[in-house]
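Subject: A structure to look through

Dear colleague,

I am passing on the structure we talked about, and I would be glad if you kept it open beside this message while you read. Please take your time with it and look up each residue as it is named.

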Amino acid sequence: MNKILRIFDSQIKEINVNERSVVALISTSAWDRQDEVLLPEGADLKNYRKNPVVMWAHDYGRPPIGKAAWIKTTDEGILAKTIFAKSEFADEVFNLYKDGFMKAFSVGFIPKEHMVGDGEKKPRRTYTEWEVIEYSAVPVPANPEALMMACQKGVISEVIKKDVESFK
């Protein structure tokens, strides 16, 4: 099967400046702009853990900007800790997360099994089994609900929440 990319406006859980790391939900079961859902419990992380690269915008022509120190499935979704590489570009990307300019990650995956829906009451496609091949730092999310979920759960600051509300 072909590789698919799914962008998710992440829920940042923690930023550690000394370690140059970000802990974030990189995927949830939320319905996205492509009218699809990735079920976190269907994620196969086995091969990804052998080469836990974090890319910039799925650009495989560039070196990774980081690595996943760990990645796991939780009740909320796929949670990962990204440690950014010591390079000028990775520094820039880390600072964009740290300063609140970026909040999104995108999962690159190979679908294994899915259910078809009507696109109205149920998503057009729900991936029940899928293999994670990488995840990327990205500036534009596919999941428009995720940031609001983060605000409602108190994951992000009131300052960022006010910025989000100004876009309504």
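What follows goes from the whole chain to one helix and then to some charged pairs.

Please keep in mind that this is a predicted model. The protein chain has four helices and ten strands, and from the N terminus on these elements run in the order β-β-β-β-β-α-β-β-β-α-β-β-α-α. Of its 168 residues, 46% count as buried. The accessible surface of the chain comes to about 8900 Å², and 51% of that surface belongs to carbon and sulfur atoms. If you look at contacts between residues at least 6 apart in sequence, 67% of them join residues that are at least 24 apart.

A good place to begin is helix 2, which covers residues 88-98. Which residues of helix 2 are buried? They are Ala90, Val93, Phe94 and Tyr97, and they cover an arc of only 100 degrees around the axis, which puts them on the same side of the helix. The general background is that an α-helix has 3.6 residues a turn, so residues three or four places apart point the same way. What covers the buried residues of helix 2 includes strand 2 (11-16), strand 3 (21-27) and strand 6 (53-56), together with strand 8 (78-84), strand 9 (104-116) and strand 10 (125-138). Just after helix 2 you will find Gly100, which takes a positive phi of about 85 degrees.

The charged side chains come next, and the structure holds seven salt bridges. One of them joins Lys81 and Glu19, with the closest N and O atoms 2.8 Å apart. This pair links distant parts of the chain, since Lys81 is in strand 8 while Glu19 is in the loop between strand 2 and strand 3, 62 residues apart. Is Lys81 buried or exposed? At 14% relative accessibility, Lys81 counts as buried, because the cut-off for that word is under 20%. Its partner Glu19 is partly exposed, with a relative accessible area of 32%.

Another salt bridge is formed by the side chains of Glu36 and Arg124, at 2.9 Å from N to O. Glu36 lies in strand 4 and Arg124 in the loop between strand 9 and strand 10, so the pair ties together parts that are 88 residues apart in sequence. Glu36 is buried, with a relative accessible area of 3%, whereas Arg124 counts as partly exposed at 34% relative accessibility. The side chain of Glu36 also makes a polar contact with the side chain of Tyr127, at 3.3 Å.

A further salt bridge brings together the side chains of Lys112 and Asp44, at 2.8 Å from N to O. Here Lys112 lies in strand 9 and Asp44 in strand 5 (residues 43-44), so this pair ties together parts that are 68 residues apart in sequence. Lys112 is partly exposed, with a relative accessible area of 39%, and Asp44 counts as partly exposed at 25%. Finally, salt bridges that share partners join Glu36, Arg124 and Arg125 into one network.

With best wishes

Technical notes: Residues are numbered from 1 along each chain as its sequence is written. This is a predicted model: local features need pLDDT of at least 70, side-chain atom pairs count only at pLDDT 80 or more; totals for chains, interfaces and linings use all residues. Side-chain values use heavy atoms; hydrogens and water are left out. Buried means under 20% relative accessible area, exposed over 50%, partly exposed in between (1.4 Å probe, protein chains only). Helices (H or I, at least four residues) and strands (E, at least two) are DSSP runs, numbered from the N terminus. The arc is that of the directions from the helix axis to the C-beta atoms. Contact means heavy atoms within 4.5 Å. A polar contact is a pair of N or O atoms within 3.5 Å; within protein, one must be able to donate a hydrogen and the other to accept it, and residues adjacent in sequence count only if both atoms are side-chain atoms. Accessible areas come from the Shrake-Rupley method with a 1.4 Å probe; for residues, only the protein chains shown count as cover. A salt bridge is a side-chain nitrogen of Lys or Arg within 4 Å of a carboxyl oxygen of Asp or Glu.
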